[in-house]
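Colleague: Please give me a close look at one part of this model, namely its aromatic side chains. Some background first would help, and a few neighbouring topics afterwards.

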Amino acid sequence: MPRPPAARPLTGAGALVGLLVLVEFFSGTIQGSFPVLLPDLARSLHFDAGAQALVLGVNFLVAGVTVPLGSRLGDLLGHRRLLLVTLALTSLGFALSATATALPLLLVGQALAGVLACWLPLEFALLRDQLGEERGGRAVGLLVGALTLGTVAGAVVRPGLWILAALPAVSLTAVWVFAPESVTRAVGRFDRRGAALLATGLGLLFGGLGTAGKSGGVSLTAGLLLGAAAMLALFVRQELRCPTPTVDVRMLARRPTAPVFGLSLLLGFALYGAQSPTLSFQAAKPAEDGYGLGADSRLLGLLSLPAVLGAMLGALVADRLARRFGARALLAFGFAMSALGYAVIAASHGSAAAFVAPNAVAGFGAGLGLSLLPGLLMRRLPADRTGIGTGVYNTLKTLAGAAAGAVGAAVLDAVLLRPGVPSAAAYVTIWTACALLCALGVPVALALRATPDGATPDTREGMRLASEQPV
């Protein structure tokens, strides 16, 4: 891979944070607007709702596969360099999507655009390298806040596909010119065999989850999931034997990091498990189904704002509140808030007003979790494993989201009012399950062990080894 030219030095740490905040705002704009544009694309390119799910599924699949691979390459080759690559691929993906005249080209474009998920873990690692653990951890909240604010802007403004292609191109130029490269490097080589096994295993897993709950797909689902289990078992075996693994699978079992990864799974289940079913319930027509709000796309967008704004507020205030009350206590409070929000929705959902306050409460709790978990993880990781560690964190959230979506679809297909129409009880079941998962996060968060002097022995050893590497 050719080495990008050296960046012009930024004046002060705040300038780097500001640059990455802008990049994450653009990221949020893309993520908030494309799902809103997809129904119009489906009409113009003449494909159905199942194909719409396929388009989003391809993007989701690529995100889950490339985050750990891109993060590992960032640790080895430089986080700025990999950020530039993923920005370029995202821009190309949306350019192809904008020129698509049929579904296949749109699928290719969204597959390329799926690498957008790599931006945030690469930025986290770059911030830690340039600013240190404490200041880097505090900046995480600003990035997550910018991401959520961009999501609001994207859902409300709904820019076209060419603008979505231009946003990562602008970010690419800014990062190329101004962002410094990270100094810390992981030692070793890229594990190609492990990467191939991981990509195959996750691809089969997402395929199996995508067919779950569909009529006539039991055998296919079972075959895909068995294949995924076999490939992922071979992947774990390869990683345990490899001196320089793609993913440090032992990290998942270490006492300092395992609870944080577990909380990321719970957060992913809750965040994505209720998202699509809630929109489906709100769009249902009371005259036909006996429930729902009959909401059009504009009202659906407005009803999603309280959760997004609540998450943005939670992310922005998380660091200040954590310094006053402690990160573990605040994280437990955030999971409790989300549990309360979903429980209230499960109990009362008869009007648009009934969704506003509980969505804001659940969103605020999620925002606290989204902001605090990466910082807690960074303090528990060796310095040269920051990128891959945060990459695993994001991958687990993605996998949890895929699993939650598949289980939610199966529930909606199984608990029916009439053929093809879920009953109201199916939605209540999903909201209740999300509340219980968030409630489970409360004792896990409280059980997190404090790290002496802000670092585990692994972290201090990683920092010592990193300081001994030639720059």
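Modeller: Happy to! Accessible areas here come from the Shrake-Rupley method with a 1.4 Å probe, and for residues only the protein chains shown count as cover. On that basis the protein has an accessible surface of about 19800 Å², and carbon and sulfur atoms contribute 67% of that area. Please keep in mind that the model is predicted, so local features need pLDDT of at least 70 and side-chain atom pairs count only at pLDDT 80 or more, while totals for chains, interfaces and linings use all residues. Residues are numbered from 1 along each chain as its sequence is written, and side-chain values use heavy atoms, with hydrogens and water left out.

Some background, then. The protein contains 471 residues, and 52% of them count as buried (under 20% relative accessible area; exposed is over 50%, partly exposed in between). Its secondary structure comprises 19 helices and 2 strands (DSSP runs numbered from the N terminus: H or I of at least four residues for helices, E of at least two for strands). Among contacts (heavy atoms within 4.5 Å) with a separation of 6 or more, 80% are between residues 24 or more positions apart.

Now to the rings. Searching the whole structure gives 9 aromatic pairs (Phe, Tyr or six-membered Trp rings with centres within 6.5 Å; stacked under 30 degrees between planes, edge-to-face over 60, tilted for the rest). One of them joins phenylalanine 25 and phenylalanine 26, and this pair is tilted, with 6.3 Å from centre to centre and 55 degrees between the planes. Phenylalanine 25 is partly exposed at 26% relative accessible area, whereas phenylalanine 26 is buried at 14%.

Another pair brings together phenylalanine 281 and tryptophan 431: their planes meet at 75 degrees with the ring centres 5.2 Å apart, so this pair is edge-to-face. It ties together distant parts of the chain, since phenylalanine 281 lies in helix α12 (residues 275–283) and tryptophan 431 in helix α18 (residues 424–446), 150 residues apart. Phenylalanine 281 is buried, with 1% relative accessibility, and tryptophan 431 is buried too, with 0%. Both rings belong to one aromatic cluster, whose other members are Tyr291, Phe355 and Tyr427.

Aromatic residues also turn up among the buried positions of two helices. Helix α5 (residues 119–131) has 13 residues, and its end C-alpha atoms are 18 Å apart, in agreement with the 18 Å expected (1.5 Å times one less than the number of residues). Because 11 of those 13 residues are buried, α5 is largely enclosed by the rest of the structure. Its buried residues include Trp119 and Phe124, along with Glu123 and Arg128. Just after α5 comes glycine 132, which has a positive phi of about 90 degrees.

Helix α15 (residues 327–347) has 21 residues and runs 30 Å from its first C-alpha to its last, close to the expected 30 Å. Phe335 and Tyr342 are among its buried residues, as are Gly334, Ser338 and Gly341.

One last stop is serine 371, in helix α16 (residues 353–378). Serine 371 is buried at 6% relative accessibility. Leaving aside residues up to four places away in sequence, serine 371 touches Val140, Gly141, Ala315 and Ala318.

Notes
Buried means under 20% relative accessible area, exposed over 50%, partly exposed in between (1.4 Å probe, protein chains only).
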